[in-house]
Amino acid sequence: MKNYSFVPDVMYDSVFEITPEALLSRGIRAVVLDIDNTLVTYGVAEPTDEVIAWIDTLKQAGLSVAIASNNHEPRVALFNKKLGVFTTWESKKPFARAVRAACAHFGVTERETAVIGDQIFTDVWCARNAGALAILVKPIPYPENLFFKCKRVLEKPFIRAYRRRHNLK
Ligand SMILES: [Mg+2]
C-alpha cells in the first residue's frame, strides 16, 4: 500500500551518521541527496572534504549516489564538479521526477532508493511520491528567512510523531 505519511521513515542528526550498512540492511541500493542544508549550507559552493569522504564510503559499499536539488543548474553543476555523480537541478521536489530519473539511470527501483534531505514538505514528500525510503536529517544551522521559519513550524508535528513512534525523547 502506498504510504502518504509526512512522518520520515528514518531521522538522523546529520548525513554523516548514515552508514552504508544501515542503508544496505534496508535493501537500499541508491540514494538521492539534497544539497542545501543537507550536505552543506546555502552559502557553500563546493562539497567539504567530509561530504566527499562520506559519499565515497557510500560508493565503495556499492551504493549509487545521485543529487537532486531544487536549486539552479550553476549551483548544482559547481557543487558536483568534485563529486561527478548523477544530478538533476530544478528538480521540482516534492514531485518524484528527479527520483524516477535517478532510478532509471542506475537501473534500480524506487523502493530500493532512499531520498535524503532536510525538509519534510520537499524531501520526505518527494520520497513518498516516488515510493522511496524517506530519510530526514536535521538542517545544517543557517539563518533562515521567514518562509523557512514557517515551514519549520509546520514540520514539527511530523518530527514529534516520528519521535513518539520510535520512543525517542
Ligand atoms: Mg534542503
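In this predicted model, Val31 makes contact with Leu23, Leu58, Leu63, Val65, Ala114 and Ile116, leaving aside residues up to four places away in sequence. Val31 belongs to strand 2. With 25 other C-beta atoms within 10 Å, Val31 counts as buried, because the cut-off for that label is 20 or more. A look along the chain adds a nice detail: Val31 and Thr113 are separated by 82 residues in sequence, yet their C-alpha atoms are 5.5 Å apart in space.

Val31 also helps to introduce the nonpolar core. The largest such core has 40 residues, and the members that touch the most other members are Val31, Val32, Val99, Ala114 and Val115. Two or more residues each are supplied by strand 2, helix 2, strand 3, helix 3, helix 4 (97–106), strand 5 (113–117), helix 5 (120–130) and strand 6 (133–137). Helix 5 provides the largest share, six residues. Val99 shows how such contacts reach across the chain: not counting residues up to four places away in sequence, Val99 touches Val32, Ala68, Glu110, Thr113, Val115, Cys126, Ala130 and Ala132.

Strand 3 (residues 64–68) comes next. Five of its five residues are buried, so strand 3 is largely enclosed by the rest of the structure. The cover extends to both faces, with Ser64, Ala66 and Ala68 buried on one side and Val65 and Ile67 buried on the other. Strand 3 pairs in the parallel sense with strand 2 (residues 30–33) over four bridges, and Val32 stands opposite Ala66. Between these two strands the chain passes through helix 2 (residues 49–60), making a right-handed β-α-β crossover. Strand 3 also runs parallel to strand 4 (residues 86–88), to which three bridges join it. Here Ile67 has Thr87 as its bridge partner. Together with helix 3 (residues 73–80), strands 3 and 4 form a β-α-β unit that is right-handed.

What can be said about the cover of strand 6? Strand 6 is mostly covered, with five of its five residues buried. On one side these are Leu133, Ile135 and Val137, and on the other Ala134 and Leu136. Strand 6 pairs in the parallel sense with strand 1 (residues 10–12) over three bridges, and Met11 is matched there with Leu136 as its bridge partner. Strand 5 pairs with strand 6 as well, in the parallel sense and over four bridges. In that pairing, Ile116 stands opposite Ile135. The chain travels from strand 5 through helix 5 to strand 6, and this β-α-β crossover is right-handed.

Helix 6 (residues 146–165) rounds off the tour. Helix 6 is hardly covered, as the count of buried residues among its 20 residues is one. Its length can be checked with simple arithmetic: at 1.5 Å a residue, helix 6 should span 28 Å, and its end C-alpha atoms are 30 Å apart, which agrees. The expected span uses one less than the number of residues, so the multiplication starts from the steps between them. Helix 6 bends by about 35 degrees at Glu155, and Pro157, a proline, follows within four residues. Just after helix 6, Asn167 adopts a positive phi of about 55 degrees.

Note on methods:
Residues numbered from 1 in each chain as written. Predicted model: local features only at pLDDT ≥ 70, side-chain atom pairs only at ≥ 80, totals over all residues. Buried ≥ 20, exposed ≤ 12 C-beta atoms within 10 Å, placed from the backbone. Pairing = 2+ DSSP bridges. Right-handed = clockwise from strand over helix to strand, strands pointing away. Core = buried A, V, L, I, M, F, W, Y, C linked by C-beta atoms within 7 Å. Contact = placed C-beta atoms within 7 Å. Bend = angle between axes of the 7 residues up to and from the residue.
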